[in-house]
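Thanks for making the time this morning. I would like to go through one model with you, beginning with a few individual residues and ending with the chain as a whole.

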Amino acid sequence: GMIVDLGGLAKGYALDRAAAVMNDNEVDVGVINMISTSMTLGDKPEAAGGPSWTIAILSPRGEGYMGTLSLPGGVYISTSGDYQRYFEYEGIRYHHILDPRTRYPSQGTVSTTVIGAEDGTWSDAASTTAFIMSAPEALSWVEEVGGVDVIIVDSDGRVHTTSGVEQWVQSLEGEIDVEGG
């Protein structure tokens, strides 16, 4: 009755393969979306409001968006969260991202969004890795590995970011109602 999937990096890998096909066929403008991992391909045409792409980040509780990002072409973005695949039992949320240290669903983080990775596989893996850490651990880890930025919503609804996030952000809520969903 148990299955293991590679959702922590498979969508990113599929994104890399899709990007290669697009490149091989000389498609150089667009957005490739693999649900929680996406990439911008080339600059958005001026006639469509370019050159940057506007990407929204879903609010991890309730409806709507917690923010929007402005991304140039060639940027990867991945989100991991506890809010799409889960169930609640006796007041505890059981979701699909397991902490390998406890073998139970990771606690303490509601969502992580990683921006700026060099490929989809790394972007997907980095957002999942950051998700299983506490916000301070994840921020430190992301700053140490470099090359990406992260937006973290903790279980208290506080939003934490690396220092480089401001280059991408158009709007971002500073606190999310984690009780409301």
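Leucine 58, leaving aside residues up to four places away in sequence, touches Gly64, Tyr65, Met66, Tyr83 and Gln84. Please keep in mind throughout that this is a predicted model. Leucine 58 lies in strand S3, and, since partly exposed covers the range between 20% and 50%, its relative accessibility of 38% places leucine 58 in that class. One of its partners, tyrosine 83, is 25 residues away in sequence, and the two C-alpha atoms are 10.0 Å apart in space.

Strand S3 runs from residue 53 to residue 58, and the loop between strand S2, residues 37-41, and S3 is where we find proline 51. What is the peptide bond from glycine 50 to proline 51, cis or trans? In this model the bond is cis, with an omega near 20°.

Let me move towards the N terminus, to the loop between helix H1, which covers residues 10-24, and strand S1, which covers 30-33, because valine 29 is found in that loop. Valine 29 has a relative accessibility of 38% and so counts as partly exposed. If we set aside neighbours within four places in sequence, valine 29 is in contact with Leu41, Asp43, Pro45 and Trp53. For proline 45 in that list, the separation from valine 29 is 16 residues in sequence and 8.0 Å in space, C-alpha to C-alpha.

The loop between H1 and S1 also holds glutamate 26, whose phi is positive, at about 60°, although the residue is not a glycine. Glutamate 26 has a relative accessible area of 72%, and is therefore exposed. A related case is isoleucine 35, in the loop between S1 and S2, where phi is again positive, about 75° this time, and the residue is again not a glycine. Is isoleucine 35 buried or exposed? With a relative accessibility of 71%, isoleucine 35 counts as exposed.

Now to helix H3, residues 135-145, in which the buried residues are Ala135, Ala138, Trp141 and Val142. These four cover an arc of only 130° around the axis, and therefore they sit on the same side of H3. On the face turned away from that buried side, H3 carries the exposed residues Pro136 and Glu144. What do the buried residues of H3 pack against? Their partners are helix H2, residues 120-131, together with S11 and strand S12, residues 159-161. After H3 comes glycine 146, with a positive phi near 70°.

Strand S11, one of those packing partners of H3, spans residues 149-154 and contains isoleucine 151. Buried means under 20% relative accessible area, and isoleucine 151, at 1%, therefore counts as buried. Not counting residues up to four places away in sequence, isoleucine 151 touches a long list of residues, including Ile57, Met66 and Leu69, then Ser111, Thr112, Thr113 and Ile115, and also Val159, His160, Thr161, Val165 and Leu172. Met66 in that list is also a contact of leucine 58, where we began. For a sense of distance, isoleucine 151 and leucine 71 are 80 residues apart in sequence and 15 Å apart in space, C-alpha to C-alpha.

Let me finish with the chain as a whole. The protein chain has three helices and 13 strands, and the C-alpha trace spans about 50 × 35 × 30 Å along its principal axes. Why might one speak of agreement with a compact globule? For 181 residues such a globule would have a radius of gyration near 16 Å, and the protein chain has 16 Å, which agrees.

Of the 181 residues, 43% are buried. Among contacts between residues at least 6 apart in sequence, 53% join residues that are at least 24 apart. The accessible surface of the protein chain comes to about 9900 Å², and carbon and sulfur atoms account for 52% of that area. As for charge, the chain carries 9 positive and 26 negative side chains, with the centres of the two sets 8 Å apart.

Note on methods:
Residues numbered from 1 in each chain as written. Heavy atoms only, no water. Helix = DSSP H or I, 4+ residues; strand = E, 2+ residues; numbered from the N terminus. Rg over C-alpha atoms; globule rule 2.2 N^0.38 Å. Buried < 20%, exposed > 50% of the residue type's maximum accessible area, 1.4 Å probe, protein only. Contact = heavy atoms within 4.5 Å. Areas by Shrake-Rupley, 256 points an atom, 1.4 Å probe, with all protein chains shown as cover. Lys, Arg positive; Asp, Glu negative; His and termini not counted. Charge placed at Lys NZ, Arg CZ, Asp CG, Glu CD. Arc of directions from axis to C-beta.
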